[in-house]
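User: I want the reasoning behind the labels, not just the labels. Take me through them one at a time.

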Amino acid sequence: MANIREIAKKANISIATVSRHLNGTGYVSEEAREKIQKVIDELNYTPNALARAMFTKNSKTIGLMVPNISNPFFNQMASVIEEYAKKMGYTIFLCNTDDDREKEKNYLEVLQSHRVAGIIASRSQCREEYVNINIPIIAFENHILDNIITISSDNYNGGKMAFDHLYKKGCRKILHIKGPHVFEATELRYKGFLEEAKSRNLEIDVIEFQHDFQVQMLEESIRSMKSINNYDGIFVFNDIAAATVMRALKKSGVRIPQEVQIIGFDNSFIGELLYPSLTTINQPIEELSNTIIELLIKIINGENVPIRDYIMETKLVERETTLS
Ligand code: XLF
């Protein structure tokens, strides 16, 4: 059987372009596509993964779509899922969607063409794109369709705990830096935080970040907040964004926690590496990840799994960015 190298040579196109075309990832011009396809037809070529999948009903592969591969929370999640999957005889096909609907749509097609056994869609930005997909799916955080299980942390309660902690530590001029409104999880954190502030009759300020973690953009947003130094307590929607906020504050000479106390959300590994170390709300990453993959494999194996929201408990982790 022909291989990629031969196809590339015969079509006079680079191996990388042929590979992008076969995997359905990245840009390939229409002209190149046509040339490659012509050679594929002539040589009767079938990509390996597909060839294997054609003999069995589907591959022993699970598609894991993460929204932001540079966020430590999703690194940790992917590692736990991969470990569990491996034990169960599956390999993971990792796709980074960048919270981009088009990218996610494209990956969905690629995963289907590779006949993956199941899909984990984290913080999905798509809905109707999933309607006719006949592959078991589990959603993390953002809901997709009524017949798809959604797993998440108790974000609402986490938001409440964050406020409660800052309040108990004496903060009265409080800012919440919330996540993009298309993230269901951070909307719930915001709601819980606001609800708790209302119950104490305290007005808080809120600003929204447009990205989960893109240092430059976060720093630009922070620079445009002239009054960031006026607060004595800040709740940031996740740990990685909190790290960027801390850096900006420290650069402008603000002392943490003496002048401003900070609380993040996730309890990803960077929290402990920061100085001062970050007080945060723990998302049970192991439990979340194990539940996601365990339920998905059950569905793949035809077991009956109740379709509902699975919500895992959050809890406060006190470190040095809040007063002891
Ligand atoms: O989607 C939310 C926002 O960022 C997710 O749980 C995270 O907290 C991960 O950092």
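User: What makes β1 and β2 a pair of strands?

Analyst: This is a predicted model. In it, six bridges join β1 (residues 61-66) to β2 (residues 91-96). Pairing needs at least two bridges, so the two strands count as paired. They run parallel. One of the bridge partners is L94 in β2, matched with L64.

User: Why is the crossover from β1 to β2 called right-handed?

Analyst: The chain leaves β1, passes through helix α5 (residues 72-87) and reaches β2, a β-α-β crossover. With the strands pointing away from the viewer, a right-handed path over the helix runs clockwise. This crossover is right-handed, so its path is clockwise in that view.

User: What makes N71, R123 and E141 polar contacts of the ligand?

Analyst: The cut-off is 3.5 Å between N or O atoms. A polar side-chain atom of N71 lies 2.8 Å from a ligand oxygen. For an N or O atom in the side chain of R123, the distance to a ligand oxygen is 2.8 Å. For E141 the corresponding distance is 2.5 Å. Each value is within 3.5 Å, so each pair qualifies.

User: How much of the ligand does the protein bury?

Analyst: Alone, the ligand exposes 280 Å², and the protein buries 100% of that. The residues around the ligand include F73, F74, T186, R189, N238, D266 and Q283.

User: Which peptide bonds are cis, and where do their prolines lie?

Analyst: The bond from I256 to P257 is cis, with omega near 5°. P257 sits in the loop between α10 (239-251) and β9 (261-263). The bond from Y275 to P276 is also cis, with omega near -5°. P276 belongs to the loop between α11 (270-273) and β10 (280-282).

User: What is the phi value of D99, and where is this residue?

Analyst: Phi of D99 is near 55°, a positive value in a residue other than glycine. D99 is in the loop between β2 and α6 (101-113).

User: How confident is the predictor in the chain, and where does pLDDT stay under 50?

Analyst: Mean pLDDT is 90, and 90% of residues reach 70 or more. Over residues 52-56 it stays under 50. For that stretch the model has six contacts beyond four places in sequence.

Methods
Residues numbered from 1 in each chain as written. Predicted model: local features only at pLDDT ≥ 70, side-chain atom pairs only at ≥ 80, totals over all residues. Heavy atoms only, no water. pLDDT = per-residue confidence, 0-100. Contact = heavy atoms within 4.5 Å. Helix = DSSP H or I, 4+ residues; strand = E, 2+ residues; numbered from the N terminus. Near = heavy atom within 4 Å. Polar contact = N/O pair within 3.5 Å; in protein donor to acceptor, adjacent residues only side chain to side chain. Areas by Shrake-Rupley, 256 points an atom, 1.4 Å probe, with all protein chains shown as cover.
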